[in-house]
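Please look over the sequence and the structure shown here before reading on. The report below is meant for a reader who has not met this structure before.

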Amino acid sequence: MSPSLEKERGSGSVQKQASDTQLENAGPMNDVADAPPILTPEQEKRLWRKVDLRLMPILSLMYLLSFMDRGNIGNAKLDGLITQLDLTGNKYNIALTMFFIPYCLFECPANLLLKVFRPSRWLPGIMVLWGVVMTLMGLVKTYPELVGVRVCLGVAEAGLFPGVVYYLTLWYPRHMLQYRVGLFFGAATIAGAFSGLLAFGIGYMTGVGHLEGWSWIFILEGIATVVVAIVAFFVLVDFPDTAKFLTSEERAFLIWKKKFDNSSVGEEEHFAARHVLAVFTDWQIWLHLLVYYSIIAPLYGITLFLPTIIETFGYSTPISQLLTVPPYIVATITLLVFAQYSDKLKLRSPFIYACLVFLLIGYSINISKAPAGVKYFGTFFVVTGSYAAFPGVVAWLGNNLSGQYKRAVGMAFHIGIGNFSGAIAANIYRSQDSPRFILGHGLELMFVGIGLITVPILVLLYKRVNASRDEAERLRLARGEKLQLSAQALRELGDRAPDFRYTL
């Protein structure tokens, strides 16, 4: 530890102040020693493995079911949903869209509610809610009922993804984050494979209980969601300072490690209205929104319409369901490899850019007049590019926002507004455009082009700011001057502080 850091720690300037909110209790405990416990590299590795084994399995399973529940309507479409509910014209697309509107609007408020409800209660609670909604979706008989249930599903699911990503930033240092987001989001990729396999099997239940196969897809997956939510109530933990599965020494180490992850004086932990204003006036968030759009629009487009696209290649419904599985398997492997090396190299942008190139290749193949087999090969590039990029996109902004509340609001705003591109994706694959879907693939290529332009701009701006701060620090040290800012002032500046460096 540097002498300046020891001085700050010793002076008590970074000790946690009393707070009556759970979120602020995520900061250091009052009994944390001035200096953190000394752990050997092997001990630290065991500690992170211990945290991973406690957090990641249940979070990944929760998100797997979340993504299955929102995306299984694409499989249900092939199993009689369209015919029985008479979803003529653009009714199916409208039903998809009505999920995204409340989903986007409620993400930011849901993240702020984490300071009122503990994660171990809030996250399983909303999961029970959307599991019940999903089960009831299997009982709808009319188009208006389907739309109403999709709206309720969007409201219920809104708090999970931004809540979990923010929750992970309270446990892991920023250059360990993408792999964990990758493990968590990898469940969504696996969900795509499971949806196809389950839909293939459940499709044979047509007629059981006088219900169509599509009804059983919703009912069985909804019941599974409620069961996992009940388990999560007993398994999920809150914050490092209240984690009973850790020793006091391990808790102290995690708190210190995260607190001084991106600043020599720690980050601000207390709420102020300026944190919300800072989100809307931060240039990087708006550019990151464009990058998010360039990935999430293709992701939702391929998730919701992959079974339909494959069916246009001339395959039967059961075979089309099965053929959705291999692209997701390849995407899962690529996602984890990219996440591992991104954390190891402490770089986000090269891997995101590579995925955008994958998307460019995949959509270019599918918009062409290539044979069905070649187009199916192209779907591997689309699924892999969209899913493997997503953890990096989320982790990149999370790495570059400092201050617990600014990060909470910023990430929720980023994800919430960015997910409106999902509503766009839900309406660009129209039945009248089958089998080539020129409009849908063309607009997805437009989003990809936006990302190919925006990512280099972000990198250049980050490099410019980092270089400017490096030069200012070099001149100050050459003159023998000390930084004329207090520890509190540095914490309030957050990612605008002179000692903060942006991740590229």
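What follows is a short report on selected residues, ring pairs and a surface patch.

## Pro391 and its surroundings

The model discussed here is predicted, and a convenient place to begin is Pro391, which lies in helix 16, a helix made of residues 372-399. With a relative accessibility of 1%, Pro391 counts as buried, because buried means under 20% relative accessible area.

When the neighbours within four places in sequence are left aside, Pro391 is in contact with Gln178, Val181, Gly182, Phe185 and Leu335. The C-alpha atom of Pro391 is also separated by 8.7 Å from that of Phe184, although these two residues are 207 residues apart along the chain.

## Aromatic pairs

Across the whole structure, a search finds 38 aromatic pairs. Phe67 and Tyr387 form one of them, an edge-to-face pair with 6.0 Å from centre to centre and 70° between the planes. Since Phe67 lies in helix 2 (residues 41-71) and Tyr387 in helix 16, this pair ties together parts that are 320 residues apart in sequence. Phe67 counts as buried at 3% relative accessibility, and Tyr387 counts as buried at 0%.

A second example is the pair of Phe161 and Phe184, whose ring centres are 5.6 Å apart and whose planes stand at 15°, so the pair is stacked. Here, too, distant parts of the chain are linked, for Phe161 is in helix 7 (residues 160-169) and Phe184 is in helix 8 (residues 177-202), 23 residues apart. Phe161 is buried, with a relative accessible area of 1%, and Phe184 is buried as well, with a relative accessible area of 0%.

## Charges over rings

Rings in this model are also partnered by charged side chains. The charged end of Lys91 sits over the ring of Tyr143, at 5.4 Å from the centre of that ring, while Arg174 lies over the face of Phe500, at 5.0 Å from the ring centre.

## A nonpolar patch on the surface

Turning to the surface, Ile329, Ile333, Val337, Tyr341, Leu345 and Leu347 make a nonpolar patch of about 530 Å². One of these residues, Ile333, lies in helix 14, which is made of residues 325-345. Is Ile333 buried or exposed? Ile333 has a relative accessible area of 53%, and it is therefore exposed, because exposed means over 50%.

Conventions: Residues numbered from 1 in each chain as written. Predicted model: local features only at pLDDT ≥ 70, side-chain atom pairs only at ≥ 80, totals over all residues. Heavy atoms only, no water. Helix = DSSP H or I, 4+ residues; strand = E, 2+ residues; numbered from the N terminus. Buried < 20%, exposed > 50% of the residue type's maximum accessible area, 1.4 Å probe, protein only. Contact = heavy atoms within 4.5 Å. Phe/Tyr/Trp six-rings, centres within 6.5 Å; stacked < 30°, edge-to-face > 60°. Lys NZ or Arg CZ within 6 Å of the ring centre and 35° of its normal. Patch = residues over 30% accessible without salt bridge, like charges linked within 9 Å, V, L, I, M, F, W, Y side chains within 5 Å. Areas by Shrake-Rupley, 256 points an atom, 1.4 Å probe, with all protein chains shown as cover. Salt bridge = Lys/Arg side-chain N within 4 Å of Asp/Glu carboxyl O.
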